[in-house]
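User: Hey, got a minute to walk me through this one? I'd like to get my bearings before I head back to the bench.

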Amino acid sequence: MTLSVTQRIELSPSSSCNTKLADDPWAFDLQPGYGPGSSEADPIPDATTRPGQLPQAYQEMSQQQLHERIRRAKATLAEKLVILGHFYQRDEVVQHADFLGDSYQLAKAALSKPEAEHIVFCGVHFMAETADILSEEHQQVILPNLAAGCSMADMADEDSVEAAWEDICEVYGVDPEHVEPGADGKLPILPVTYMNSSAALKAFCGRHGGIVCTSSNATTVLEWAFERAHRVLFFPDQHLGRNTAKAMGVPLEQMPMWNPRRTLGGNTAEDLQQAKVLLWHGFCSVHKRFNVRQIEKAREEYPGCRVIVHPESPMPVVDAADAAGSTDAIRKYVAASSPGDVIAIGTEINLVNRLTSEYPDRTIFCLDPVICPCSTMYRIHPGYLAWVLDEIVEGRTPNQIIVPEDVAEPARVALDRMLAAAPK
Ligand code: 13P
Ligand code: SF4
């Protein structure tokens, strides 16, 4: 298949990895897809707002009517409202966002508007949870569609991580509830969770001397961790953990995988003694599609082209690329290029399409010829945004994401460590 680079690539049944993605959004929402609420084990705050139950009137509105409603509600709510949007959101949603960013920037953006009573988060559930943890008491965080979860985040659940921690601590001969530093002042191990995880896992890290990282600060965070501990348990994304630790010089033999379905994660006690980074068996289904052959093909077709990928991509892909970085790093990489440049990108299609449109004087395309958007980010449609904003104007609070304080408090400890470790 020849790479199409002259224009944005639109979803169609023949070009996408899931033919249902090209259905109308309400039909897509009724698919027994990912859910039920957001993140596998989370309660649905308001059971009347299940996916696919967007009031019929909003399902029947034209795009223009929806956009008008959104604009009107924004004008009415003015300073009381802030809309945050992740780079992977559709353009129809991005156009209404007050802040657009990667997950680190959006976590900080949640802090930057204390006067806003309503934070509408156009992203996925773990991002909204983080905003709720970091925001002020009087602020409400709203996720327009509760089915916008993250499949990678759900690959590590609290019970499995707790069980792994107990097994690991037993190997190191320490009490899992009170891991103490050794004679050299360092802990035998501490947990690091990727931002793409439930609030419960951030709380786990807060309680056990650990920290949160994002793709934009993973190196800084691992440096922070290795100043305090001999080893790290990194979850849920094996690829971000491996790519980051490898770039820091950790040998692959010292990065065993922890498979929660196997005894000792599929390792021997000796493997674990030698380990520097224990990698949880998690991955992003969007980024694992990228492969080295796609990079070779791009270079064959466009000699001199440069390749940048997200670090959730497998290690051979990151190694073969010219650069790797967070969604914002990818955006900056393209912004720093020159007219006429050719850039192949390994990340979610909405961001790639936007960059293709913003820089028509460059050739910018996605490495994967099959369109495979993040199907959960995709669940935020202008219809849901219009509906939640109208509800807010009416004095109601739909789809509020509330992290209970007993979870939020230790999770905040781990997030604050990250914010302090990675000044930007
Ligand atoms: P960023 O932190 O780079 O925005 O990544 C978030 C994410 O979910 C990528 O898949
Ligand atoms: Fe999660 Fe992957 Fe979607 Fe990012 S792209 S939100 S990691 S499923």
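Analyst: Sure. One term up front: buried means under 20% relative accessible area, and exposed means over 50%. By that cut-off T356 is buried, because its relative accessibility is 10%. And keep in mind that this is a predicted model.

User: OK. Where does T356 sit, then?

Analyst: T356 is in helix α15, which covers residues 349-358. A polar atom of the T356 side chain lies 2.8 Å from the backbone oxygen of V352.

User: Which other side chain reaches a backbone oxygen?

Analyst: Take Q59: its side chain gets to the backbone oxygen of L54 at 2.6 Å. Q59 is part of helix α2, residues 56-60. With a relative accessible area of 19%, Q59 counts as buried, because the cut-off is under 20%.

User: Let's switch to the ligands. What surrounds ligand 1?

Analyst: The residues around ligand 1 are H86, Y88, D102, S103, Y194, N196, S215, H287, H310, E312, S326 and T327. By class, that shell has eight polar, two nonpolar and two charged residues.

User: Which polar side-chain atoms lie by an oxygen atom of ligand 1, and how far off?

Analyst: For N196 the distance is 3.0 Å, and for S215 it's 2.8 Å. There's also S103, with an N or O atom of its side chain 2.5 Å from an oxygen atom of the ligand. As for cover, ligand 1 has 300 Å² of accessible area on its own, and the protein covers 96% of that.

User: What does UniProt list as "binding site" there?

Analyst: An unreviewed UniProt entry lists H86, S103, Y194, M195, N196, S215, H310, P311, E312 and T327 under that feature. Among them, S103, N196 and S215 are the ones I just gave you distances for.

User: And H86, buried or exposed?

Analyst: H86 is buried, because its relative accessibility is 4%. You'll find H86 in strand β1, residues 81-86.

User: What about ligand 2, what surrounds that?

Analyst: Ligand 2 has Y88, C150, S151, M152, N196, C284, E312 and C374 around it. That shell breaks down into five nonpolar, two polar and one charged residues. N196, for one, appears in the surroundings of ligand 1 and of ligand 2.

User: Which residues does UniProt give as "binding site" with C284?

Analyst: The unreviewed entry places that feature at C150, C284 and C374. They are spread over 225 residues of sequence but cluster in space, with a largest C-alpha distance of 9.2 Å.

User: Where are C150 and C374 in the fold?

Analyst: C150 is in the loop between β4 (140-142) and α7 (158-172). C374 is in the loop between β13 (363-366) and α16 (382-393). C150 counts as buried because its relative accessible area is 13%, and C374 does too, because its relative accessibility is 15%.

User: How many disulfides does the structure hold?

Analyst: Zero. Another cysteine, C169, is buried, because its relative accessible area is 0%.

User: New topic: what's I330 up to?

Analyst: I330 belongs to helix α14, residues 327-335. I330 counts as buried because its relative accessibility is 0%. I330 and I308 are 22 residues apart in sequence, while their C-alpha atoms are 6.8 Å apart in space.

User: Last bit, the backbone. Which residues does a cis peptide bond join?

Analyst: F235 and P236 are joined that way, with omega at about -10°. P236 is in the loop between β7 (232-235) and α10 (238-247).

User: Why flag that sort of thing?

Analyst: Because most peptide bonds are trans, and most residues other than glycine have a negative phi.

User: Which residues have a positive phi, then, without being glycine?

Analyst: A78 has a phi near 40°, and L264 has one of about 50°. A78 is found in the loop between α3 (63-77) and β1. L264 lies in the loop between β8 (257-258) and α11 (269-274).

User: And A78, how accessible is that one?

Analyst: A78 is partly exposed, because its relative accessible area is 42%.

Note on methods. Residues are numbered from 1 along each chain as its sequence is written. Chains are lettered from A and ligands numbered from 1 in the order in which they are written. This is a predicted model: local features need pLDDT of at least 70, side-chain atom pairs count only at pLDDT 80 or more; totals for chains, interfaces and linings use all residues. Side-chain values use heavy atoms; hydrogens and water are left out. A disulfide is a pair of cysteine sulfur atoms within 2.5 Å. Buried means under 20% relative accessible area, exposed over 50%, partly exposed in between (1.4 Å probe, protein chains only). A residue is near a molecule or strand if one of its heavy atoms lies within 4 Å of it. A polar contact is a pair of N or O atoms within 3.5 Å; within protein, one must be able to donate a hydrogen and the other to accept it, and residues adjacent in sequence count only if both atoms are side-chain atoms. Accessible areas come from the Shrake-Rupley method with a 1.4 Å probe; for residues, only the protein chains shown count as cover. Ala, Val, Leu, Ile, Met, Phe, Trp, Tyr, Cys and Pro count as nonpolar, Asp, Glu, Lys and Arg as charged, and the others, Gly among them, as polar. UniProt positions are given in the numbering used here, feature names are shortened, and annotations may be inferred rather than shown by experiment. Helices (H or I, at least four residues) and strands (E, at least two) are DSSP runs, numbered from the N terminus.
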